[in-house]
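Q: Please take one part of this fold and look at it closely. I would like the pairing, the packing and the charged contacts in one connected account.

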Amino acid sequence: MTEFNHLFKALNIVEEDLKKELLDVGVLQHVPKDSFIVEQHKYIKWLAMVISGKVRVWQESEDREILLYYVQPVQTCVMSLSASFGDCKSVVNAKTEEDTTLIKIPVRFATEWSFKYRSWNKFTTQSFIHSYEDLLHAYKNLAFNKVDERLMKYIQTVSTQNNTPFIKLSHSQLANEIGTTREVISKTLKQFEHSGLVKLSFKQIELL
């Protein structure tokens with residue numbers, strides 16, 4: 001009940017009928033790290049709303065991944081939301097980055113409520129706008145910034161967020177975050193090390 005009340009407050013849900021429907025059909029689920037929430041090319045049966053934790057959303061083609069965005073607390077994957085409106089297969093993968101708490105809603109209600117309840121309609125509209133901005137930022141980053149610029153900015157961001165100069169990520173993980181190959185990441189990191197910007201060790205980068 002606490003998680004549902006948190007959701008009501010965060011989304012400013014005031015309609016008592018909507019609260020009742022959410023309590024009736026919503027399923028609270030605690031999901032461990034590295035669990036798939038949505039899989040590419042599969043139909044979506046549930047709309048998952050993140051209450052706590054974080055979910056990574058990406059597209060995959062052959063051996064390449066393109067990071068689209070992260071779903072943070074009191075957000076949902078807008079690609080899943082879009083697929084639920086059209087009853088079509090998912091075009092993305094979504095996996096938990098850490099232990100995550102979800103409230104899952106059958107997709108038919110997610111679309112139905114958009115026409116019935118003003119607060120839910122506002123939530124879905126804002127979700128689309130927010131994710132559109134994230135996707136536009138990701139596109140601009142890929143289109144206009146070189147790999148070395150994207151990689152250094154990512155390393156600096158992770159270092160700042162974790163308050164440590166040590167970044168414990170493999171070259172393959174970095175490649176997935178940046179949208180390139182492991183070989184390109186390894187070559188770029190070697191250039192950084194040669195320039196005195198970083199120090200490399202097994203699955204760890206020290207930002208100097």
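A: Start with Phe 36, which stands opposite Lys 95 in strand 7. This is a predicted model: local features need pLDDT of at least 70, side-chain atom pairs count only at pLDDT 80 or more, and totals for chains, interfaces and linings use all residues. Residues are numbered from 1 along each chain as its sequence is written, and side-chain values use heavy atoms, with hydrogens and water left out.

Strand 2 (residues 36-38) is joined to strand 7 (residues 93-96) by two bridges, and the two run antiparallel. Strands count as paired here if DSSP finds at least two bridges between them. Helices (H or I, at least four residues) and strands (E, at least two) are DSSP runs, numbered from the N terminus. Strand 7 also runs antiparallel to strand 4 (residues 55-61), with four bridges between them. There, Ala 94 in strand 7 is the bridge partner of Val 57. In general, strands of a sheet pair through backbone hydrogen bonds, either parallel or antiparallel.

Now the part to look at closely: helix 6 and what it packs on. Begin with the strands. Three of them form an open sheet in the order 9-11-10, with antiparallel pairing. Strand 9 (166-167) and strand 10 (198-201) are at the edges, and each has a single partner strand, so one side of each has no neighbour in the sheet. Strand 10 and strand 11 (residues 204-207) run antiparallel and are joined by four bridges. Within that pair, Val 198 stands opposite Leu 207 in strand 11.

Helix 6 (residues 147-162) lies across strand 9, strand 10 and strand 11. Its direction makes about 85 degrees with strand 11. Such angles run from 0 to 180 degrees between N-to-C directions, and axes are lines fitted to C-alpha atoms, for helices over the stretch in contact.

How does the span of helix 6 compare with the 22 Å expected at 1.5 Å a residue? The end C-alpha atoms of its 16 residues are 22 Å apart, which agrees. The expected span is 1.5 Å times one less than the number of residues.

Which residues of helix 6 are buried? They are Arg 150, Leu 151, Met 152, Ile 155, Val 158 and Ser 159. Buried means under 20% relative accessible area, exposed means over 50%, and partly exposed is in between (1.4 Å probe, protein chains only). Just after helix 6, Asn 163 takes a positive phi of about 55 degrees.

Helix 6 also packs against helix 8. Their axes are 10 Å apart and the angle is about 75 degrees. That makes the two helices roughly perpendicular. The bins are: under 35 degrees roughly parallel, over 145 roughly antiparallel, 65 to 115 roughly perpendicular, and the rest oblique. From helix 6, Val 147, Asp 148, Leu 151, Met 152 and Ile 155 meet Val 184, Ile 185, Thr 188, Leu 189 and Phe 192 of helix 8. Contact means heavy atoms within 4.5 Å.

Helix 8 brings us to charge. The side chains of Lys 190 and Glu 193 meet in a salt bridge at 3.9 Å, N to O. A salt bridge is a side-chain nitrogen of Lys or Arg within 4 Å of a carboxyl oxygen of Asp or Glu. Lys 190 and Glu 193 are three residues apart in helix 8 (residues 182-194), so about one helical turn separates them. Lys 190 is exposed at 54% relative accessibility. Glu 193 is partly exposed at 28%. Elsewhere, salt bridges that share partners join Glu 21, Glu 112 and Lys 116 into one network.

In that network, the side chains of Glu 112 and Lys 116 meet at 3.7 Å, N to O. Both lie in helix 4 (residues 107-116), four residues apart, about one turn of the helix. Glu 112 is partly exposed at 30%, and Lys 116 is partly exposed at 46%.

Helix 2 (residues 16-25) holds Lys 19 and Glu 16, three residues apart. Their side chains form a salt bridge at 3.6 Å, N to O. Lys 19 is partly exposed at 21%, whereas Glu 16 is exposed at 56%. The structure holds six salt bridges.

One last residue: Ser 119, in helix 5 (residues 118-144). Ser 119 is buried at 9% relative accessibility. Leaving aside neighbours within four places in sequence, Ser 119 is in contact with Leu 11, Asn 12, Ile 13, Val 14, Glu 15 and Leu 18.
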